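User: Hi! I would like to understand the words people use when they describe a structure. Could you go through some of them with me?

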Amino acid sequence: MNNADHKDLRDRPIRTFGRTGGRALSPRQQALFDTRLDHWRVPPPLPAQFAPDSLFAGAPPVWLEIGFGGGEHLVAQAGVHPEVGFIGCEPFVEGVAKAIAGIEDNQLANVRLWPDDARLLLEALAPASIARTFILFPDPWPKRRQQKRRLVQPAFLNALARVLAPGAAVRFATDVASYADEALLAVLSSGQFDWTAERADDWRLAPADHVTTRYETKKLGDCAPVFLDFQRR
Ligand SMILES: C[S@@+](CC[C@H](N)C(=O)[O-])C[C@H]1O[C@@H](n2cnc3c(N)ncnc32)[C@H](O)[C@@H]1O
């Protein structure tokens, strides 16, 4: 390994996700992944200053879901909002295959997939090109020594703020109390977002437009789900 390789490893951001593979895909999932991903993915390589609305007919507003898991929320929101273009980011292969199935079963034309680390997409996106984003139940990394792997931290928030249009909505949800505290503090300290909650029920209850995710129903955390809605200044 030469010095350049060492530098590459040093510069790589710390990994925020767990496994990307695992169980074998079902024959249908494997076939969808092998034959349909190229149709649905955001095509690489991305040009610098990538304009995401160019992926969709009519250059609609674009909403981004980071870590869509099995894609239930992504597919449901895309069905409710045909006037919006959706990009879902998820490196977990089974989740990507499930999302392709959901897109095709529901005959959606307004979704594209980024089957990789969302932070690579954020780097390439043009400034102020995203109108809304969802970060729902990101990997909790509950042990103290793992917490550096949490997605929501200052460098990520700066990258996210750069691509969000003024006024863009951000939804963060978690059922891990220490992550809710940490994320709220990090977002507010960044000075680039306002927390839109006016009363406790605004963060204690699921917002009216929330679609329950599979992970959420497992109730693996240590508190009831907390929903933090922010607005990019
Ligand atoms: C705990 S799961 C929750 C999935 C889904 N949001 C839900 O609520 O069912 C978190 C997901 O975020 C994904 N993830 C973690 N870091 C990511 C990153 N940097 N970019 C894209 N996805 C990421 C993981 O692969 C994982 O599938």
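Analyst: Happy to; here are some terms, each tried out on this structure. The model is predicted, with local features needing pLDDT of at least 70 and side-chain atom pairs counting only at pLDDT 80 or more, while totals for chains, interfaces and linings use all residues. Residues are numbered from 1 along each chain as its sequence is written.

User: Why is Pro-47 called exposed?

Analyst: A residue is exposed if 12 or fewer other C-beta atoms lie within 10 Å of its own, buried if there are 20 or more, and partly exposed in between, with C-beta atoms placed from the backbone. Pro-47 has 9 other C-beta atoms within 10 Å, so Pro-47 is exposed. Pro-47 is found in the loop between helix 2 (27–40) and strand 1 (62–66); helices (H or I, at least four residues) and strands (E, at least two) are DSSP runs, numbered from the N terminus.

User: Which residues of helix 6 are buried, and how do you know that they lie on the same side?

Analyst: In helix 6 (residues 154–163), Phe-156, Leu-157, Leu-160, Ala-161 and Val-163 are buried. They cover an arc of only 165° around the axis, so they are on the same side of helix 6; the arc is that of the directions from the helix axis to the C-beta atoms. The face turned away from that buried side carries the exposed residues Pro-154, Ala-155 and Asn-158.
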